[in-house]
Amino acid sequence: MIRRCLILPLRNGISVCRNNSTAVAEQAESTQESNTPAKNPLDHPDYFQVHNLFTVKDLFDARVHFGHKEGSLNEFMTPYIYGSRQGHLIFDLDITAEHLRKALNFTAHIAYRGGIVCFFNRNALNAHLVEKTAMECGEYAHTRFWRGGIFTNANHQFGAITRLPDLCIFLNTQNNILNQHTAVRDSAKLLIPTIGIVDSNCNPNLITYPVPGNDDTPVAIELYCKLFKAAITRGKEARMKFLQENN
């Protein structure tokens, strides 16, 4: 321990001797280090490293950039459009990548906190793939006709108090070409967070995390399923690690 005497001249010829010691500073530093809290996932912009799950080239190879024909464009999807080619709209994949990473990060956080995730898809061509993905990551899927009131009147529909999902992932937000999936509206009514793949003919306004992109090509749906499965798995693995370290 080192002590130093520092003489400070003041007015009227009075001086003060101040003792400085390194011991106090060292003790304060050690106390600050010991009081540093554990790393909080919410304090990190990408705690689960979802940004490295895919690249823009992966989106391009999966044909995520293909939209519908120019005449079917929803005016709310205009900011996500890069241009058109041979009468078909093209998405800006840089924007899509940014939105998709935010959606994957949110999905991982829901899984980390033990939330229930439900996948939705109304395209019969991709229904089996979506259901298989949900089973593999221990979550749920609904790929059939959506009966009204399942969310908004759940207790009466099932005859008991029902826990609703903490996150709804819509790999297709439309029931058909013209009508939006009813569960999108019901989720918004009950403030259930939603992630939706919104094609150029979709309305993204009721989706919490809209992801502009192709919503019907099998190779694109396969990529989405792979990414969301990976995000959920990372969240659950981090949760298991946290519980093991604190039990």
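1. Start with strand S9, residues 194-198. This strand is mostly covered, with 5 of its 5 residues buried. The cover extends to both faces. On one side sit Thr194, Gly196 and Val198, and on the other Ile195 and Ile197. Keep in mind that this is a predicted model.

2. S9 has a partner in strand S8, residues 167-170. The two strands run in the parallel sense and pair over 3 bridges. One pairing can be named: phenylalanine 170 of S8 has glycine 196 of S9 as its bridge partner. Glycine 196 is also one of the buried residues of S9.

3. Helix H6, residues 182-189, packs against this region. Its buried residues are in contact with S6, S8 and S9. Those buried in H6 are Thr182, Ala183, Val184, Asp186 and Ser187. After H6 comes leucine 191, which has a positive phi, near 60°.

4. Now the chain as a whole. It holds 7 helices and 10 strands. Of its 247 residues, 40% are buried. Take the contacts between residues at least 6 apart in sequence: 61% of them join residues at least 24 apart. The accessible surface comes to about 14600 Å², and carbon and sulfur atoms account for 53% of that surface.

5. Is asparagine 214 buried or exposed? Asparagine 214 is buried, because its relative accessible area is 2%, under the 20% cut-off for that class. This residue sits in the loop between strand S10 (209-212) and helix H7 (218-245). Which residues does asparagine 214 contact, leaving aside neighbours within four places in sequence? They are Arg63, Val64, Phe66, Phe91, Ile197, Asp199, Ala220 and Tyr224. Ile197 belongs to the buried set of S9 described above.

6. A second loop residue, alanine 160, lies between helix H5 (154-158) and S8. Alanine 160 is partly exposed, with a relative accessible area of 39%. That class fits because the value falls between the cut-offs of 20% and 50%. Not counting residues up to four places away in sequence, alanine 160 touches Ala154 and Asn155.

7. The second largest pocket deserves a look. It has about 220 Å³ of space. Two elements give two or more residues to its lining: strand S6 (117-120) and strand S7 (140-142). The lining counts 13 residues, and those nearest the pocket centre are Cys118, Ile150, Phe151, Arg163 and Pro165. What kinds of residue make up this lining? They divide into 10 nonpolar, 2 polar and 1 charged. S6 appears here and also among the elements that the buried residues of H6 pack against.

8. Finally, a hairpin. Strand S4 (residues 81-85) and strand S5 (residues 88-91) pair in the antiparallel sense, over 4 bridges. Serine 84 has leucine 89 of S5 as its bridge partner. There are 2 residues between the strands. In this hairpin, glutamine 86 takes a positive phi near 50°. Phe91, a contact of asparagine 214, falls within the residue range of S5.

Key: Residues are numbered from 1 along each chain as its sequence is written. This is a predicted model: local features need pLDDT of at least 70, side-chain atom pairs count only at pLDDT 80 or more; totals for chains, interfaces and linings use all residues. Side-chain values use heavy atoms; hydrogens and water are left out. Buried means under 20% relative accessible area, exposed over 50%, partly exposed in between (1.4 Å probe, protein chains only). Contact means heavy atoms within 4.5 Å. Accessible areas come from the Shrake-Rupley method with a 1.4 Å probe; for residues, only the protein chains shown count as cover. On a 1 Å grid over the protein atoms alone, a cavity is a set of points where a 1.4 Å probe fits but cannot get out, and a pocket is an open set with protein on both sides within 12 Å along at least five of seven lines; lining residues have an atom within 4 Å of a point. Grid points are joined across faces, edges and corners, and a volume is the space filled by probe spheres set on the points. Ala, Val, Leu, Ile, Met, Phe, Trp, Tyr, Cys and Pro count as nonpolar, Asp, Glu, Lys and Arg as charged, and the others, Gly among them, as polar. Two strands pair if DSSP finds at least two bridges between them.
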